[in-house]
Amino acid sequence: MDGDGASQGQPMLEKRLSHRERHFTAGEVVRDVIMGVSDGLTVPFALAAGLSGASAPSSLVLTAGLAEVAAGAISMGLGGYLAAQSEADHYKREMKREQEEIITVPDTEAAEIGEIMSQYGLEPHEYGPVVDGLRRNPQAWLDFMMRFELGLEKPDPKRALQSACTIALSYVIGGLVPLLPYMFISTAQNAMLTSVGVTLVALLFFGYIKGRFTGNRPFTSAVQTAIIGALASAAAYGMAKAVQAR
């Protein structure tokens with residue numbers, strides 16, 4: 001009987017061991033790439049369209065566009081760095097406060113563990129051993145409270161620099177796309193038409209990929225991204241024409 005039970009349990013064990021969970025864990029990197037590329041495709045695109053609408057030569061459009069890409073990449077990268085650094089500083093402050101509370105009011109903090117566990121449908125006799133186990137391990141207790149009470153994940157120490165570099169590089173890559181035609185076509189109007197076509201294709205492709213990574217409908221995301229870029233460039237072009245008409 002024992003042999004039969006063991007032989008039946010073996011396939012189940014092998015099935016569990018062969019199971020590999022596939023979760024996407026690079027959400028922060030993808031968010032930075034999306035932020036950088038989306039702005040990079042849209043802002044220089046609108047700037048180039050506006051300057052073309054003002055009848056500026058391709059050389060001037062290209063120079064202004066490259067200057068904007070450089071300035072935008074620095075600005076966006078710095079913004080990403082400061083945001084990630086602020087998140088890390090906030091985590092450190094809250095961790096210090098929570099650590100002090102565990103030392104000064106341990107019973108209150110232990111009761112909060114029970115409250116958290118009860119939200120998952122556990123009864124006192126079920127989560128009691130968990131509470132006792134955490135009280136014997138202050139570091140695990142602190143990590144538990146940070147994650148489940150405050151909803152804070154420990155940030156990667158390298159996150160700020162990585163975020164800055166990712167956003168800046170993504171902005172440059174996205175920003176060069178609408179400017180490429182101005183490098184090869186001397187007439188600004190012709191370059192603008194080519195830039196519109198190239199950039200809209202890039203926006204559609206980027207929107208589709210963004211939808212795949214973020215869980216949205218890829219085609220809907222592609223159309224929305226292209227519409228936003230088209231509206232931005234059309235607004236800039238229209239404003240330039242209106243100012244020029246005066």
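The exercises below work through a predicted model of one protein, each with a stepwise solution.

**Exercise 1. Establish what the secondary structure of the protein comes to, and in what pattern its elements follow along the sequence.**

Step 1: Counting the elements gives nine helices and zero strands. Step 2: Reading along the sequence, one obtains the pattern α-α-α-α-α-α-α-α-α. Step 3: Turning to contacts with a separation of 6 or more, residues 24 or more positions apart account for 74% of them.

**Exercise 2. Decide where in the protein confidence is lowest and where it is highest.**

Step 1: Begin with the whole protein, for which the mean pLDDT is 80, with 85% of the residues reaching 70 or more. Step 2: Then compare the helices named at the two extremes: confidence is lowest in helix α1 (residues 2-18), where the mean is 51, and highest in helix α7 (residues 159-184), where it is 91. Step 3: Keep in mind that predicted coordinates should not be read in detail where pLDDT is low.

**Exercise 3. Find which residues UniProt lists as "transmembrane region", and describe two of these spans in the model.**

Step 1: The unreviewed UniProt entry lists residues 60-84, 164-185, 191-209 and 221-240 under this name. Step 2: In the model, residues 60-84 are 100% helix and 0% strand, and the end C-alpha atoms of this span lie 36 Å apart. Step 3: Residues 164-185 are 95% helix and 0% strand, with 33 Å between the end C-alpha atoms.

**Exercise 4. Test whether the span of helix α4 (residues 106-118) agrees or disagrees with its 13 residues, and identify what covers its buried residues.**

Step 1: At 1.5 Å a residue, the 13 residues of helix α4 should span 18 Å. Step 2: The end C-alpha atoms of helix α4 are 19 Å apart, which agrees with that expectation. Step 3: The buried residues of α4 are Glu109, Ala110, Glu112, Ile113, Gly114, Ile116 and Met117. Step 4: Their cover includes α3 (58-104), α5 (124-135) and α6 (138-149).

**Exercise 5. Classify Leu161 as buried or exposed, and locate it relative to Gln85.**

Step 1: Leu161 is found in helix α7. Step 2: Its relative accessibility is 54%, and because the cut-off for exposed is over 50%, Leu161 counts as exposed. Step 3: The C-alpha atoms of Leu161 and Gln85 are separated by 8.8 Å, although these residues are 76 residues apart along the chain. Step 4: For the wider setting, 35% of the 246 residues of the protein count as buried, while the accessible surface comes to about 15200 Å², of which 63% belongs to carbon and sulfur atoms.

Key. Residues are numbered from 1 along each chain as its sequence is written. This is a predicted model: local features need pLDDT of at least 70, side-chain atom pairs count only at pLDDT 80 or more; totals for chains, interfaces and linings use all residues. Side-chain values use heavy atoms; hydrogens and water are left out. pLDDT is the predictor's confidence in each residue, from 0 to 100. Helices (H or I, at least four residues) and strands (E, at least two) are DSSP runs, numbered from the N terminus. UniProt positions are given in the numbering used here, feature names are shortened, and annotations may be inferred rather than shown by experiment. The expected span of a helix is 1.5 Å times one less than its number of residues. Buried means under 20% relative accessible area, exposed over 50%, partly exposed in between (1.4 Å probe, protein chains only). Contact means heavy atoms within 4.5 Å. Accessible areas come from the Shrake-Rupley method with a 1.4 Å probe; for residues, only the protein chains shown count as cover.
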